[in-house]
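Visitor: Could you take me through a close look at one part of this structure, the largest pocket and what lines it? I would like a connected account that I can follow while looking at the model.

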Amino acid sequence: MMRHWKLFLALVIFQAYATQIFTQAAVFREYIGANFENVRFSDVPINPNVEVHFILSFAIDYTTGSSPNPTNGKFNVFWDADNLGPSQVLSIKRQHKNVKVALSIGGDTVGSKHVNFTAFSVDSWVSNAVTSLTRVIKQYNLDGIDIDYEHFNVAPDIFSQCIGRVVTTLKKNRVISFASIAPFDDGDVQRHYMALWKSYGRVFDYVNFQFYAYDKGTTIAQFLRYFDTQVANYNGGKVLVSFSTDSSGGLKPDNGFFTACEKLRSQRKLNGIFVWSADNSKASGFSYERQSQALLVKAK
């Protein structure tokens, strides 16, 4: 009996160690569902040797309908739920044990309006957000959350308190297992996210920095400098590199993105890659997604 107990304990320790190594490896992440292009999880290539996160875009605390308005933290689903619903989430996770699925909150626009972060009070927004997000996350069998607000009706400290408290509570309640933020190089955006990072950086596992928000024609050397700058801004964070498959700027795959990634990999700085977005990549057959994941396997 003692021998069997020792063997069982050894297996538990080994599995915990293996899980820790896996979660520390470079991750591939992709936003999906924002543009209603009928893209499905199963359309996207999945390398079994890298951790893959799909990020549903977006859940927004605005009313649905023709004239959306802020709801003070009561979130509704605004992604393509017909193709990316609860059953599809369960199915892709069952088929691929290396896949996790998150939702992103905020985004740039809803209808023809900017999504402005609006809180009537910190306590009321946090209460509403925890309740509504818990409902959506459990309904859709999700694993994590991404923060992608890009416009603000509140000061940085209010944004920090609201988001930080919600993510902390969701993790404490084991509703989510990971969280990320998605800032970009804009003065107001950086003020809000760096305030959040200063107070609550410990609860975020990834920084999905939108490097594609830099100018078109970004060079490899510029990209590497931008990366070092954001690593300093989000000190201690796991900053991921990124590209877009739409008409956004930054360093494109055809212009040296993967060369820059190889440089970061050689310096042991390549934490992962994320892509905006699967909706845009569908037409070209996801070739850059395959290339990204193959590179990340080498970075493990």
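Guide: In this predicted model, strand β2 gives the largest share of the lining of the largest pocket, namely 3 residues. The elements that contribute two or more residues to this lining are β2, which covers residues 51-60, and β5, which covers residues 109-110. Altogether 20 residues line the pocket, and those nearest its centre are Phe-58, Gly-107, Asp-108, Thr-109 and Trp-276. Sorted by class, the lining consists of 10 nonpolar, 6 polar and 4 charged residues, and the pocket that they surround has a volume of about 420 Å³. Rolling a probe the size of a water molecule over the atoms is what shows where empty space is left.

To place the pocket in a wider setting, it helps to look at the annotation and then at the nonpolar core. An unreviewed UniProt entry annotates residues 26-300 as "domain: GH18"; the C-alpha atoms at the two ends of this span are 6 Å apart, and the span is 36% helix and 21% strand. The largest nonpolar core has 97 residues, and the members touching the most others are Trp-125, Ile-147, Tyr-149, Ile-163 and Phe-204. Helix α3, made of residues 122-139, supplies the largest share of this core, with 8 residues. If you follow Phe-204 outward, and leave aside residues up to four places away in sequence, you find that Phe-204 touches several residues, including Ile-147, Ile-163, Leu-196 and Trp-197.

Notes. Residues numbered from 1 in each chain as written. Predicted model: local features only at pLDDT ≥ 70, side-chain atom pairs only at ≥ 80, totals over all residues. Heavy atoms only, no water. UniProt positions renumbered as here; feature names shortened; annotations may be inferred. Helix = DSSP H or I, 4+ residues; strand = E, 2+ residues; numbered from the N terminus. Core = buried A, V, L, I, M, F, W, Y, C linked by side-chain atoms within 4.5 Å. Buried < 20%, exposed > 50% of the residue type's maximum accessible area, 1.4 Å probe, protein only. Contact = heavy atoms within 4.5 Å. 1 Å grid on protein atoms, 1.4 Å probe; cavity = no way out; pocket = protein on both sides within 12 Å on 5 of 7 lines; lining within 4 Å. Points joined across faces, edges and corners; volume = space filled by probe spheres on them. Nonpolar A, V, L, I, M, F, W, Y, C, P; charged D, E, K, R; others polar.
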